[in-house]
Amino acid sequence: DLRNNNYQFFDNRYLATILGLIYSSIMPTLTLPNAKHLLARTLLGYSKEQLQQAMGYGSLEDLIDKALLADIALPAPPNTWVTTLPAQAQQDSGDAGRWYRELNYWWNNRMFAQGINLQEKMVLFWHNHFACERDKVNYPQYMYQQNQLFRKFAFGNFKQMVKEVSIDPTMLIYLDGNNSRGTGPNENYARELFELFALGIGNYTENDIKQAAKVLSGWQVKGLTSAFDPTRWYKDASVTIFGKTAQFNVNTLVDWVFEQKACAEFICRKIYKNFIYYKADEAFVAQMAAVLRSNNYEMKPLLRFMFLSDHFYQTNFQGSRIKDPQELMIGSLKALQVKAPDMVNVYELSKILQMQLFQPPNVAGWPGQRDWISSTTYSYRGGFTDSLLTGKRYNGVAVTGKLDVLAYARSFSSSEQAGKFVNDVIDSLILFPISDTKRQFMLDTLLDGTIAANWSTYTPQADARIIRLLKAIMRLPEYQLT
């Protein structure tokens with residue numbers, strides 16, 4: 001192949017294959033630390049049982065191919081209202097608000113019950129990438145449809161997803177395409193398509209935006225879907241975008257956007273920051289982009305390449321990412337093996353923790369990382385994990401799904417050996433290494449003045465002491481990292 005291509009070593013058609021051969025020779029193995037790191041980054045938390053299940057696959061390749069990237073069916077809708085034609089009556093009656101809550105509960109339950117599969121984590125990634133605010137869209141039917149669109153393309157074709165997002169009712173409403181005419185086009189979506197969704201700042205001109213806005217006109221929301229009205233489309237015989245003159249439509253415009261070199265690097269950089277580290281390694285991003293281009297923007301080969309790379313498992317990346325509120329809450333429910341989680345509690349705290357689903361702060365989405373932690377949110381994070389142990393929210397309201405602490409403790413084979421039990425619980429809940437001093441403090445918290453030889457989960461007040469231990473662990477700064 002290289003000979004036939006005149007030895008053009010870095011042709012995109014060959015680079016992905018060559019990189020694959022290189023990485024296959026240094027492919028990481030399925031060790032316990034690697035499995036923990038992989039599950040932490042690809043799921044919204046995991047339980048001890050899921051970790052054991054992951055280890056049972058025997059190799060990272062099988063875990064990734066047969067579980068994390070396995071195609072699964074779209075879930076059933078939250079209720080029949082998803083097919084109700086939007087009408088002002090929903091707003092007047094309060095149905096829209098109730099349905100929106102139900103949509104939140106439904107998605108949180110999906111995240112909690114997903115199993116070892118990347119789908120929901122990717123849906124959340126795309127929800128933040130193509131950020132739309134419910135307060136402007138108003139109708140939860142549209143938000144549900146967009147959520148299912150992200151699920152359909154969770155690790156599918158990014159280019160095709162952009163085409164469908166461009167005429168999705170939620171996006172048409174949110175970025176004003178619904179009212180755009182070719183004679184006076186609204187530029188909002190064209191601008192964000194270039195800046196936030198596909199290329200990044202500095203890779204387009206103002207004229208490119210103006211011309212693209214003409215091409216994107218003509219689409220309107222009709223009932224539960226959208227339709228093209230040619231009378232509202234631009235009348236120019238052709239426009240010039242990125243130096244090419246043609247009579248574009250939505251599909252050919254998106255195709256041309258994806259021909260720009262910046263496109264693959266842009267989305268790969270964002271994926272890198274979300275799944276590996278908040279500061280991108282540009283050399284590795286370039287390798288990711290080559291894989292993405294060579295696979296015509298199919299996400300699954302890219303994700304597989306990333307998750308099977310030695311780069312992904314570098315120790316300095318492990319435990320280096322601050323949990324977003326969804327990871328903190330859903331992950332805590334999984335880690336503690338809560339059987340019947342209170343999604344009302346999750347919904348209410350999500351607003352306080354500044355990550356209310358379907359309500360990102362703006363079109364740029366949640367910035368993440370250090371923005372998740374403040375003097376206010378850190379306290380409420382601890383209040384959430386406390387509520388799983390005490391059965392009471394920060395304001396005293398009872399929550400369902402309180403942890404059975406004795407059953408949880410006895411799920412560890414070391415439950416009757418104080419020192420080993422404390423270390424096992426810490427290692428189960430925390431990825432970032434903690435000091436020996438903190439480990440000793442946790443042991444002292446469990447023993448509460450007695451000696452280790454006297455510890456048993458069957459002694460009086462053992463449950464209260466376990467609760468104090470778990471509270472202390474889950475309020476550590478290290479627990480906020482994944």
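Begin by selecting Gln369, which is found in the loop between H19 and H20, where helices (H or I, at least four residues) and strands (E, at least two) are DSSP runs numbered from the N terminus. This is a predicted model, in which local features need pLDDT of at least 70 and side-chain atom pairs count only at pLDDT 80 or more, while totals for chains, interfaces and linings use all residues. Residues are numbered from 1 along each chain as its sequence is written, and side-chain values use heavy atoms, with hydrogens and water left out.

**The loop between H19 and H20**

Gln369 has a positive phi of about 50 degrees although it is not a glycine, and at 16% relative accessibility it counts as buried; buried means under 20% relative accessible area, exposed over 50%, and partly exposed in between, with a 1.4 Å probe and protein chains only. Now select Gln354, which lies in the loop between H19 and H20 and has a positive phi of about 70 degrees without being a glycine. Is Gln354 buried or partly exposed? With a relative accessibility of 47%, Gln354 counts as partly exposed.

**Helix H19 and its partner H6**

Select H19 next: seven of its 10 residues are buried, so this helix is largely enclosed by the rest of the structure. The buried residues are Met343, Asn345, Val346, Tyr347, Glu348, Leu349 and Ser350, and the buried residues of H19 pack against H6, helix H18 (325–335) and helix H20 (375–390).

Add H6 to the selection, so that helix H6 (residues 95–113) and helix H19 (residues 343–352) can be viewed together; they pack at an angle of about 105 degrees with their axes 10 Å apart. Axes here are lines fitted to C-alpha atoms, for helices over the stretch in contact, and angles run from 0 to 180 degrees between N-to-C directions. The angle makes H6 roughly perpendicular to H19, given that angles under 35 degrees count as roughly parallel, over 145 as roughly antiparallel, 65 to 115 as roughly perpendicular and the rest as oblique.

To display the contact itself (heavy atoms within 4.5 Å), show Tyr100, Arg101, Asn104, Tyr105, Asn108, Asn109 and Phe112 on H6 together with Met343, Val344, Val346, Tyr347, Glu348 and Lys351 on H19. By class, this contact has seven nonpolar, three polar and three charged residues, where Ala, Val, Leu, Ile, Met, Phe, Trp, Tyr, Cys and Pro count as nonpolar, Asp, Glu, Lys and Arg as charged, and the others, Gly among them, as polar.

**Aromatic residues in and around H6**

Stay on H6 and select Trp107, which lies in this helix and, at 0% relative accessibility, counts as buried. Not counting residues up to four places away in sequence, Trp107 touches Glu120, Val123, Leu124, His127, Asn147, Arg151, Leu357 and Phe358. A distance label between the C-alpha atoms of Trp107 and Val123, which are 16 residues apart along the chain, should read 10.0 Å.

Tyr100 deserves a separate view, with Arg134 lying over its face at 4.4 Å from the ring centre; a charge sits over a ring if NZ of Lys or CZ of Arg is within 6 Å of the ring centre and within 35 degrees of the ring normal.

The structure holds 32 aromatic pairs, a pair being rings of Phe, Tyr and Trp (its six-membered ring) whose centres lie within 6.5 Å, with planes under 30 degrees apart counted as stacked, over 60 as edge-to-face and the rest as tilted. For one of them, select Trp81 and Trp99, whose ring centres are 5.5 Å apart and whose planes are at 5 degrees, so the pair is stacked. This pair links distant parts of the chain, with Trp81 in the loop between helix H4 (60–68) and helix H5 (88–93) and Trp99 in helix H6, 18 residues apart. Trp81 is buried at 3% relative accessible area, and Trp99 is buried at 16%.

**Two further stops**

Move to Ser415, in the loop between helix H21 (405–410) and helix H22 (418–429), which is buried with a relative accessible area of 6%. Leaving aside neighbours within four places in sequence, Ser415 is in contact with Ala409, Arg410, Phe421, Trp455 and Thr457. Keep Arg410 selected and add Tyr458, since Arg410 lies over the face of Tyr458 at 3.9 Å from the ring centre.

Finish at Lys163 in helix H10 (residues 158–166), where this residue counts as buried at 13% relative accessibility. Which residues are in contact with Lys163, leaving aside its neighbours within four places in sequence? They are Val250, Asn251, Val254 and Asp255.
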